[in-house]
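Work through the exercises below with the sequence and the model side by side, attempting each task before reading its solution.

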Amino acid sequence: TGTALLPASTDLVPGGNRALLTLADGSTIILDSAANGTISRQGNIKVMKLDNGLVSYTGERAKKDTNKKEIVYNTISTPRGGQYQITLSDGTKVWLNAASSIRFPVAFTGTERSVAVTGEAYFEVAKDVEKPFIVQSNGAKVQVTGTHFNINAYTDEAALNVTLLEGGVKVSKENNMVLLKPGEQAQVGDNIHVNANADIEQVMAWKNGIFSFDGTDIYTAMRQISRWYDVDIRFNDAIRENLYGGIPRDSNISDVLNMLETTGSVRFKTTGNMIEVYK
């Protein structure tokens with residue numbers, strides 16, 4: 001094929017559980033190298049790193065004057081080639097994909113639970129009908145009381161996508177608003193378009209440790225690969241190719257590229273941290 005890949009001894013390895021915790025005072029903790037146990041105490045909340053690498057916020061909620069207390073925010077961010085899982089103080093579970101972040105209050109003390117997200121995240125929101133959970137990202141807002149959904153808000157993608165797996169969500173941006181049912185996806189750009197039959201398996205593949213391509217265009221696929229392996233991509237030819245198939249995200253990059261080459265219409269040259277794409 002004329003393809004030149006990195007030799008196996010220098011093959012690029014997949015991403016892993018890597019993230020940075022930024023505390024309210026601006027200090028940072030590298031989560032992947034932090035020891036298990038208590039890594040921070042903030043008011044009544046204790047931040048724990050558990051044996052499985054999960055970060056959990058737990059503690060006693062203040063019983064009086066909670067609305068008068070200053071809200072303390074933390075941020076957890078993953079690099080390219082990183083992912084992480086967090087349990088917030090209300091019990092909500094969050095999975096972050098590569099090159100993503102979540103900014104959240106250490107304790108939810110007001111009338112709502114509001115967080116901000118960049119990149120991609122999957123939420124299993126703890127149910128609380130009296131305190132709605134709100135995710136804000138790129139000018140869009142997703143509001144729920146308890147549900148499972150995925151939000152893809154990478155700025156290099158064509159639209160922000162909110163995909164509902166369980167429960168119900170309200171997605172709004174400016175004067176537009178839609179209510180989603182399970183299996184639906186809101187595609188948020190200048191307007192909000194609802195796809196009634198979202199490909200849930202493909203949407204959730206990243207959380208399940210898989211690259212899943214089901215008619216995925218080569219440019220979208222290579223953006224996913226770029227984030228997970230922390231590599232730069234350069235297209236030397238215009239390629240109109242839709243990809244099909246799946247491969248584990250714990251594969252070395254040569255295995256992924258070799259699979260893509262089986263289409264017969266794309267080939268790669270890898271030099272250092274750059275992957276060049278040819279017809």
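**Exercise 1: surroundings of F133**

F133 has a relative accessibility of 0%, so this residue counts as buried (under 20% relative accessible area is buried, over 50% exposed, and in between partly exposed, with a 1.4 Å probe and protein chains only). The model is a predicted one, in which local features need pLDDT of at least 70 and side-chain atom pairs count only at pLDDT 80 or more, while totals for chains, interfaces and linings use all residues. Residues are numbered from 1 along each chain as its sequence is written, and side-chain values use heavy atoms, with hydrogens and water left out.

Task: Locate F133 and find which residues it touches, not counting residues up to four places away in sequence.

Solution. Begin with the strand: F133 is found in β12, residues 133-137 (strands are DSSP E runs of at least two residues and helices H or I runs of at least four, numbered from the N terminus). Next, list the contacts (heavy atoms within 4.5 Å): F133 touches L88, D90, T92, F108, R113, V115, F123, V125, V142, Q143 and V144. Finally, look at the aromatic residues, where F108, F123, F133 and F149 form one cluster.

**Exercise 2: aromatic pairs**

Task: Find how many aromatic pairs the whole structure holds, and classify the pair of F123 and F149 by its ring centres and planes.

Solution. The search of the whole structure gives eight aromatic pairs (rings of Phe, Tyr and Trp, the last by its six-membered ring, pair if their centres lie within 6.5 Å; planes under 30 degrees apart count as stacked, over 60 as edge-to-face and the rest as tilted). For F123 and F149 the centres are 5.1 Å apart and the planes stand at 10 degrees, so this pair is stacked. Because F123 belongs to strand β11 (residues 113-124) and F149 to strand β14 (residues 148-153), the pair ties together parts that are 26 residues apart in sequence. Both F123 and F149 are buried.

Repeat the procedure for F211 and Y229, whose ring centres are 6.1 Å apart with planes at 20 degrees, so that this pair is stacked. Here F211 in strand β20 (residues 210-217) is linked with Y229 in helix α2 (residues 218-229), 18 residues apart, and F211 and Y229 are buried.

**Exercise 3: nonpolar cores**

Task: Determine how many residues the largest nonpolar core has and which of them have the most contacts inside it.

Solution. The largest core has 44 residues, and those with the most contacts inside it are I76, I102, F123, F149, I151, V162 and V171 (a core is a set of buried Ala, Val, Leu, Ile, Met, Phe, Trp, Tyr and Cys residues joined through side-chain atoms within 4.5 Å). Strand β11 contributes the largest share of this core, four residues. A second, separate core has 22 residues, among them A221, I225, Y229 and L243.

**Exercise 4: positive phi**

Task: Compare the loop positions of N138 and E174, and decide whether each is buried, partly exposed or exposed.

Solution. Most residues other than glycine have a negative phi. N138, not a glycine, nevertheless has a positive phi of about 50 degrees, and lies in the loop between β12 and β13 (140-144). With a relative accessible area of 41%, N138 is partly exposed. For E174, phi is near 55 degrees, again a positive value, and the residue sits in the loop between β16 (169-173) and β17 (176-180). At 72% relative accessibility, E174 counts as exposed.
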